[in-house]
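Let's walk through this structure together, one piece at a time. Keep the viewer open and follow along as we go.

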Amino acid sequence: MPWIDTGPATLDPEEARRFDHDGRTFAIYRNHEDRYFATDGLCTHEDVHLCDGLVIENTVECPKHSSIFNLETGEVETPPACNNLRTYPCKVDAGRVMIEL
């Protein structure tokens with residue numbers, strides 16, 4: 001699978017940004033330990049953009065109904081969402097955040 005360049009590795013700790021590619025929306029996150037993560041960009045409950053959510057440690061909280069997802073596994077930690085997020089391998093290479101699709 002190809003590695004896709006999502007942009008510069010300039011996110012602040014516990015921040016997220018949206019990345020659109022090939023008709024799909026992703027969310028790129030940086031946690032408090034300087035690790036980057038990538039998931040599908042929309043909440044599985046109401047299709048709200050997770051890049052607008054609150055990132056705390058290794059989780060993101062949906063801004064609409066407060067579902068909480070684990071950034072490493074995509075698992076729902078707090079409902080109302082019932083379906084997990086898809087996650088993607090993520091790395092920083094030469095100052096750029098790359099995800100594997």
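**From a hairpin to the cores**

A good place to begin in this predicted model is the hairpin formed by strand 3 and strand 4, which has 5 residues between the two strands. In its turn you will find Asp34, with a positive phi of about 70 degrees. The two arms, strand 3 (residues 24-30) and strand 4, pair in the antiparallel sense over 5 bridges. To see one such pairing, look at Ile28, whose bridge partner in strand 4 is Ala38.

Now follow strand 4 to its other partner. Strand 4 (residues 36-40) also pairs with strand 9 in the antiparallel sense, over 2 bridges. Here Ala38 turns up again, with Tyr88 of strand 9 as its bridge partner, while Thr39 is bridged to Thr87. Strand 4 is mostly covered, with 4 of its 5 residues buried.

Next, the sheet as a whole. It is an open sheet of 4 strands in the order 2-3-4-9, with antiparallel pairing. Which strands stand at the edges? They are strand 2 (15-21) and strand 9 (87-88); each has a single partner strand, so one side of each is left without a neighbour in the sheet.

Finally, let's turn to the side chains. The largest nonpolar core has 15 residues, and Tyr29, Leu50, Val55, Val60, Phe69 and Leu71 have the most contacts inside it. Leaving aside neighbours within four places in sequence, Leu71 is in contact with residues including Tyr29, Phe37, Val55 and Val60, and also with Thr39 and Thr87, the pair bridged between strands 4 and 9. Apart from this core lies another, of 11 residues, among them Leu11, Tyr88, Ile99 and Leu101.

Terms used: Residues are numbered from 1 along each chain as its sequence is written. This is a predicted model: local features need pLDDT of at least 70, side-chain atom pairs count only at pLDDT 80 or more; totals for chains, interfaces and linings use all residues. Side-chain values use heavy atoms; hydrogens and water are left out. A nonpolar core is a set of buried Ala, Val, Leu, Ile, Met, Phe, Trp, Tyr and Cys residues joined through side-chain atoms within 4.5 Å. Buried means under 20% relative accessible area, exposed over 50%, partly exposed in between (1.4 Å probe, protein chains only). Contact means heavy atoms within 4.5 Å. Two strands pair if DSSP finds at least two bridges between them.
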